[in-house]
Amino acid sequence: MSGQSQKAGGPLSGRARARRLSFYAITLPATSFLALLVVVALGADWIAPYDALKQNLLHALQGPSAAHWLGTDDLGRDVLSRLIVGCRIALIAAAEATSVAILLGVPLGLWIGYRGGWWDWAVMRVVEAIMSIPGIMVAIVIIAILGPGLHRAMIALGILFSTSFLRLARGVVLSEREETYVKSARVIGAPDRRILLRHIFPNIAPPLIVQLTLTVGAVLLAEAGLSFIGLGVQPPNASWGTMLNTAASFMELNWFLAIPPGVAIVLTVLSVNLLGDVLRDSIGRGIAVGVSPAAPSARFDAEASSAPSAPLPARGDEVLRVEGLQVVVSPSGGPEAPVLTELTFSIARGETLGLVGESGSGKTITGLAILDLIGAAGRSTHGSIVLDGTDLRSLSEPQMQAVRGNNVAMVFQDPTTSLNPAFTVGDQIAEVLQAKLRLSRKAAWARAVELIDRVGIPRPAERAKAYVHELSGGMAQRIAIARALSCNPKLLIADEPTTALDVTVQQEILDLFRDLQGEFGMAILFVTHDLAVAAHICDRIAVMYAGEIVEVAPVDDLFAKPLHPYAAGLLAASPHGASRNPPLPTIAGTVPRPGAWPAGCRFSDRCAYRRESCGRRVPLTGGSRLVRCLRADELDLGSAS
Amino acid sequence: MLRLVVQRLLAVAPLLFIVSVIAFSFTSLLPSDPVDLILGDTGTEEQHEMLRERMGLNEPIHVRYFEWLGRAVQGDLGTSYFNSVSVAGAVMQRLPVTLSLTAASAFIAIVVGFAAGVAAALRPRSLVDRLATLGATFGQAVPNFWFGLLLAAVFAVWLRWFPATGFTPLTTSPWEWLRSITLPAIALGLSSSAAIARQVRSAMVGVLQQDYIRAARAQGLSRRRVIFKHALKNGLVPVVAVLSFQITVLLGGALIVEQVFVINGLGTLAIAAVRQQDIPMIQGLVLVMVGLVVAVQLVTDILYGYLNPKARPS
């Protein structure tokens with residue numbers, strides 16, 4: 001897929017092109033068919049080969065022939081002619097019922113929505129009552145009052161479908177009247193009616209059009225149904241529904257009678273519905289043409305391999321060793337672009353490595369890549385992820401599944417969304433224990449309560465039965481940590497675990513991590529954009545920029561003397577690193593998007609120390625401290641404090 | 001959970017009241033005079049007046065409404081103008097027929113709709129997804145009664161696997177019941193299964209992108225468990241609302257599909273009642289149908305509370 005789209009090149013990606021193609025593939029036939037219907041309906045008298053009502057009992061129930069292309073019915077009437085006349089009936093029916101529905105529903109909905117109060121209450125109760133009766137029954141009752149026949153049946157359907165227009169119009173008014181511009185119009189004393197028309201009507205138009213297509217489709221089906229049961233169009237007049245009624249009686253003698261009117265109904269409704277779908281999509285999204293990031297990645301691959309970094313010196317106590325990892329993603333179907341390159345780092349037993357950088361630098365995807373959970377849009381292409389001697393990239397999905405939870409676990413940024421809202425928090429911990437450690441139901445629950453107690457939540461047995469929406473953010477994050485640690489993993493990936501929390505709670509959670517690390521002994525990969533948080537909890541820090549690590553150093557060394565200009569910039573921009581009085585310095589510009597990285601040093605665009613030579617790829621070099629900067633030795637970026 | 005049931009029942013009571021007012025007053029708007037309907041052109045002016053007096057038609061409409069309501073609450077829905085049978089009796093006799101058709105088609109719609117919706121959601125834009133979406137689009141455009149005709153033509157008339165017409169009660173013969181209900185239920189269930197499939201697909205696609213799904217996977221739970229336990233329970237929440245609406249639609253559709261297969265259910269009764277301007281019968285039918293719809297809504301509300309802890313009253 002991506003290979004093809006890359007070869008194709010051009011401003012449109014393969015998928016965007018396919019989407020536009022299918023846009024026309026849908027709208028073109030649907031529109032043409034409906035246009036054809038209108039033409040046939042208007043010219044029915046001239047187009048129909050026979051009089052639709054003219055009987056010829058000698059030629060009854062014939063199959064298709066040269067004289068009667070679609071055969072004849074039980075009274076010898078020409079089916080094609082009746083189909084053509086039925087076309088006109090269908091369009092009249094749809095137009096009548098839809099107009100009645102709009103003319104009745106929209107003004108009433110606008111009025112009660114704007115007026116509010118008792119009228120709104122009373123009308124809405126009646127609408128609810130009508131909507132709780134099956135639609136066809138409502139139509140049948142109204143027909144009972146008005147009497148059968150096409151126009152009366154369509155008024156009945158119009159009344160029925162007016163309820164949805166009423167609710168739509170009321171809904172738009174209710175939301176718009178709270179908008180500032182309507183309120184301010186009221187404040188300056190514009191009269192009610194003018195506010196309604198000038199401000200509210202344009203907002204109703206898009207959903208109205210969508211509702212219109214839905215209604216037309218439903219009306220066509222309902223009209224056919226009512227005519228079929230003999231309450232709509234009355235014989236001998238031809239409509240698609242009455243033709244099917246005839247067909248039903250003569251099914252055993254001539255089944256073909258059922259085909260032409262049925263196909264006509266299906267094609268018409270299908271065209272209307274498809275147009276409605278397209279309209280809804282384009283109104284919902286504001287007709288977007290997908291232009292993908294201009295990012296051919298071939299050039300990139302060549303350069304990445306031209307400047308390999310020195311292999312990481314081996315250490316005896318490593319838990320995780322990531323080497324030369326490259327991850328590519330193809331967001332929304334565009335060509336694949338690398339988001340992580342040459343990623344190399346290691347974490348020792350019981351160590352906490354901070355992964356620090358701005359948004360978009362590739363921190364989170366690193367964590368997900370280790371778990372092989374990047375999703376369908378991305379994949380890792382090079383390198384190794386060695387966990388306790390096993391390369392995770394070589395594992396099959398079932399093997400990887402065994403590793404997740406047991407050996408590596410992850411805590412996510414927002415505990416209120418990373419815990420399932422539909423199960424109690426105790427269930428979610430116990431489930432993991434049951435599935436991964438094969439504990440019994442009872443033992444798993446008991447252990448879950450123990451874990452909840454261990455992460456510092458009072459009354460754990462009671463809290464275990466709570467749902468996540470019943471807990472505070474801090475408490476929910478403690479639960480998420482308890483779940484992550486439930487199988488005693490060797491490595492815990494914590495992805496911005498304090499970012500979504502109140503500042504006062506952040507500190508407690510950080511302390512909890514340190515406590516638990518002392519007890520469980522796991523290594524932690526701590527992803528954060530906050531250097532102050534990293535300083536608090538990490539042993540070493542790896543600074544990431546644009547999908548690669550630019551500096552790795554023990555936390556004190558980094559704070560004392562950053563070697564990479566980006567690391568220095570981050571430190572200077574951190575409130576803990578700068579003196580209070582002058583405003584915090586910022587790093588000009590933003591992290592370039594994947595696929596739009598500069599060819600050489602990726603920070604060079606924003607770097608104050610750039611030289612000509614920075615246009616080449618820069619390897620990560622050094623001993624106990626690693627840095628990816630050609631000028632690391634000569635620059636004195638100084639202490640940040 | 002009991003609280004939820006009581007709360008919903010209390011909310012439903014005013015709805016039933018309003019529907020009864022609508023059913024009574026609307027059908028009292030019928031153009032024909034019931035006395036003329038019953039006596040026809042025969043009878044003297046006095047006889048007409050006597051019957052009018054005896055039927056209470058000279059009373060003001062609100063008095064008649066409360067008398068009718070009082071009897072309706074006790075299960076007496078009056079007597080048909082046309083053939084003097086009790087409305088409640090006639091409705092109750094046909095109710096099991098329409099109910100089995102509605103229930104069987106709901107079953108089909110739910111099973112097919114869920115299978116297609118989940119399959120499509122698991123691999124968006126895949127071949128399965130495209131086929132399911134295409135099928136759903138078609139399914140919603142096919143009139144249920146026409147689909148019924150085609151099914152009858154192929155499987156009853158041609159292949160003779162199923163009876164073309166008629167209905168066998170479940171109590172008479174479960175096997176024959178199944179044979180008589182299969183084609184009508186498929187015909188009726190098609191468009192609802194399409195609607196449900198669309199809803200399930202979009203709900204599941206949304207849920208599968210949630211953090212808690214990725215978090216559950218990060219915890220090493222199997223893809224199957226995460227999809228069918230964690231995702232489905234959340235994905236069901238928006239679907240349940242559609243389900244209640246779809247069952248109302250099915251109940252209405254049953255009235256028409258019954259005609260295709262010559263099944264003597266509420267539909268046949270309703271059409272005859274409308275033709276004959278049989279007011280008590282129409283009133284009774286509307287009330288019973290609303291009662292059914294309300295019962296379905298109650299069940300789906302409780303289901304909703306079970307699936308979505310936030311919706312439970314605390």
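These legends walk you through several close-up views of a predicted model.

**View 1. How confident the predictor is along chain A.**
Before looking at details, it helps to check the confidence of this predicted model. Chain A has a mean pLDDT of 82, and 87% of its residues reach 70 or more. At the start of the chain, residues 1-12 have pLDDT below 50, and this stretch makes 15 contacts in the model beyond near neighbours in sequence. Another stretch to treat with care is residues 285-307 of chain A, where pLDDT stays under 50. For residues 285-307, the model has 33 contacts beyond four places in sequence.

**View 2. The largest nonpolar core.**
Welcome to a core of 134 residues. Which residues touch the most other members? They are Met137(A), Leu157(A), Leu226(A), Trp240(A) and Val286(B), so look for names from both chain A and chain B in this list. Helix α4 of chain A, residues 79-115, gives this core its largest share, 15 residues.

**View 3. Zooming in on Leu157(A).**
Leu157(A) is one of the core residues that touch the most other members. Setting aside neighbours within four places in sequence, you can find Leu157(A) in contact with Ala97(A), Ala139(A), Val219(A), Ala222(A), Glu223(A) and Leu226(A). Leu226(A) also appears among the core residues with the most contacts to other members.

**View 4. A second, separate core.**
Here is another core, separate from the one above, with 64 residues. Among them are Val425(A), Met475(A), Val550(A) and Ala553(A).

**View 5. The second largest cavity.**
The structure holds five cavities of 30 Å³ or more, and the second largest has about 80 Å³ of space. Its lining is made of 14 residues, and the closest to the centre are Pro565(A), Cys601(A), Cys607(A), Cys614(A) and Cys629(A). What kinds of residues form the lining of this cavity? Nine are nonpolar, two are polar and three are charged.

**View 6. The second largest pocket.**
About 600 Å³ of space lies in this pocket. It is lined by 24 residues, with Met55(B), Leu57(B), Arg71(B), Tyr81(B) and Pro280(B) the closest to its centre. Four helices of chain B each supply at least two lining residues: α2 (34-39), α3 (45-54), α4 (61-73) and α12 (279-307). Which element gives the largest share of the lining? That is α4(B), with four residues. By type, the lining divides into 12 nonpolar, seven polar and five charged residues.

Technical notes. Residues are numbered from 1 along each chain as its sequence is written. Chains are lettered from A and ligands numbered from 1 in the order in which they are written. This is a predicted model: local features need pLDDT of at least 70, side-chain atom pairs count only at pLDDT 80 or more; totals for chains, interfaces and linings use all residues. Side-chain values use heavy atoms; hydrogens and water are left out. pLDDT is the predictor's confidence in each residue, from 0 to 100. Contact means heavy atoms within 4.5 Å. On a 1 Å grid over the protein atoms alone, a cavity is a set of points where a 1.4 Å probe fits but cannot get out, and a pocket is an open set with protein on both sides within 12 Å along at least five of seven lines; lining residues have an atom within 4 Å of a point. Grid points are joined across faces, edges and corners, and a volume is the space filled by probe spheres set on the points. Ala, Val, Leu, Ile, Met, Phe, Trp, Tyr, Cys and Pro count as nonpolar, Asp, Glu, Lys and Arg as charged, and the others, Gly among them, as polar. A nonpolar core is a set of buried Ala, Val, Leu, Ile, Met, Phe, Trp, Tyr and Cys residues joined through side-chain atoms within 4.5 Å. Buried means under 20% relative accessible area, exposed over 50%, partly exposed in between (1.4 Å probe, protein chains only).
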